[in-house]
Amino acid sequence: LGQSLGVLAALTLIGAPVASLDQTRIGRVVAYLAVLPGGVVLAALAAGAISEGGAADPGAVRAALLAVMSGGLGGAAALLGVAIPRLDPSSTWEDWSGFGRTRPVMAAFLVYALGTLAGVPGTIGFSARIEAARALFAANLEPLGLAVIASAALGAAPIVRLALFLFAKDVNTSRKIGAQDAQRSGMLIGTFAVLVVACGLLEAWPGLLDQLVQQAR
């Protein structure tokens with residue numbers, strides 16, 4: 001069971017970010033990145049399955065819970081961040097050109113939410129990967145532990161590319177943004193901001209994170 005979980009985790013952690021690089025639609029890129037926390041969960045479960053005595057390894061359990069928490073918060077925030085501008089669902093990289101210049105705070109929040117999914121340093125997603133790697137090393141699964149960490153670099157590649165389109169390119173004046181209801185738009189933006197801030201607080205305040213993990217266990 002542990003080996004099967006390990007293989008699935010490696011395929012997810014390596015395959016998803018590589019596949020995202022070949023996508024022309026931002027929605028599909030986000031979908032592939034949203035799969036990554038699931039790979040971390042599978043890796044943590046693989047470490048727990050191989051732990052001695054058949055008992056669940058506390059480090060593996062903590063890593064799995066962290067991955068679920070980071071994936072839920074980051075995924076919800078990323079989906080909202082993509083939906084709020086009301087761009088066409090098939091919007092491409094070019095459609096997002098210059099969006100960070102017109103709405104820099106929201107664009108920065110979106111990049112951070114995607115970074116949480118990819119597990120880049122400075123996010124709760126990275127903390128989940130570190131915990132998973134520790135559990136894997138303790139279970140003598142060093143190659144998978146290295147894959148968990150290395151996958152963060154692969155996942156960061158499409159995010160860097162998106163950031164360049166958001167902030168470095170000129171505004172795409174041909175982009176069509178649908179009319180927005182002010183009240184509904186405000187609620188979506190507020191929810192989006194709360195989710196991203198929650199991701200940042202959990203990373204900056206490990207004590208709170210430990211309390212939530214203990215309650216979840």
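**Stop 1: the end of H6**

Select Asn-140, which comes after helix H6 and has a positive phi, near 60 degrees. Helices here (H or I, at least four residues) and strands (E, at least two) are DSSP runs, numbered from the N terminus. What you have open is a predicted model, where local features need pLDDT of at least 70, side-chain atom pairs count only at pLDDT 80 or more, and totals for chains, interfaces and linings use all residues. Residues are numbered from 1 along each chain as its sequence is written, and side-chain values use heavy atoms, with hydrogens and water left out.

Now step back and select H6 itself, residues 124–138. This helix has 15 residues and reaches 21 Å from its first C-alpha to its last, close to the 21 Å expected at 1.5 Å a residue. (The expected span is 1.5 Å times one less than the number of residues.) Which residues of H6 are buried? Colour Ile-124, Gly-125, Ser-127, Ala-128, Arg-129, Glu-131, Ala-132, Ala-133, Ala-135 and Leu-136. Buried means under 20% relative accessible area, exposed means over 50%, and partly exposed is in between (1.4 Å probe, protein chains only).

**Stop 2: charges on H6**

Stay on H6 and show the side chains of Arg-134 and Glu-131, which meet in a salt bridge (3.3 Å, N to O). A salt bridge is a side-chain nitrogen of Lys or Arg within 4 Å of a carboxyl oxygen of Asp or Glu. Side chains of opposite charge can pair when their charged atoms come close. Arg-134 and Glu-131 are about one helical turn apart, because they sit three residues from each other in helix H6. Are the two buried or exposed? Arg-134 is exposed, at 53% relative accessible area, while Glu-131 counts as buried, at 15%. Add Arg-62 to your selection: Arg-62, Glu-131 and Arg-134 are linked in a network of salt bridges.

**Stop 3: two bridges between distant parts of the sequence**

How many salt bridges does the structure hold? The count is four. For another one, select Glu-94 and Lys-169, whose side chains meet at 3.9 Å, N to O. Glu-94 is in the loop between helix H3 (58–83) and helix H4 (99–102), and Lys-169 is in the loop between helix H7 (142–168) and helix H8 (182–204), so this pair ties together parts 75 residues apart in sequence. Glu-94 is partly exposed, at 42% relative accessibility, and Lys-169 is partly exposed too, at 35%.

Next, pick Asp-170 and Arg-101, which form a salt bridge of 3.3 Å, N to O. Here the loop between H7 and H8 holds Asp-170 and helix H4 holds Arg-101, so the pair ties together parts that are 69 residues apart in sequence. Asp-170 counts as exposed, at 58% relative accessibility, and Arg-101 as partly exposed, at 46%.

**Stop 4: Ser-70 and Thr-116**

Time to go inside. Select Ser-70 in helix H3 and Thr-116 in helix H5 (residues 104–118). Ser-70 counts as buried because its relative accessibility is 2%, and Thr-116 counts as buried at 1%. What does Ser-70 touch, leaving aside its neighbours within four places in sequence? Ser-70 is in contact (heavy atoms within 4.5 Å) with Gly-75, Thr-116, Ile-124, Gly-125 and Ala-128. With the same neighbours left aside, Thr-116 is in contact with Ser-70, Gly-74, Thr-123, Ile-124, Gly-125 and Cys-199.

**Stop 5: the nonpolar core**

A nonpolar core is a set of buried Ala, Val, Leu, Ile, Met, Phe, Trp, Tyr and Cys residues joined through side-chain atoms within 4.5 Å. The largest one has 59 residues, and those with the most contacts inside it are Ile-26, Leu-33, Trp-96, Leu-114, Leu-144, Leu-166 and Phe-192. H1, helix H2 (26–49), H3, H5, H6, H7 and H8 each supply at least two residues of this core. Click on Leu-114: leaving aside neighbours within four places in sequence, Leu-114 is in contact with Val-30, Leu-33, Ala-78, Ile-159 and Leu-162.

**Last stop: zoom out**

Show the whole protein chain: there are nine helices and zero strands. Buried residues make up 46% of the chain's 217 residues. Of the contacts between residues at least 6 apart in sequence, 78% join residues at least 24 apart.

Note on methods:
The expected span of a helix is 1.5 Å times one less than its number of residues.
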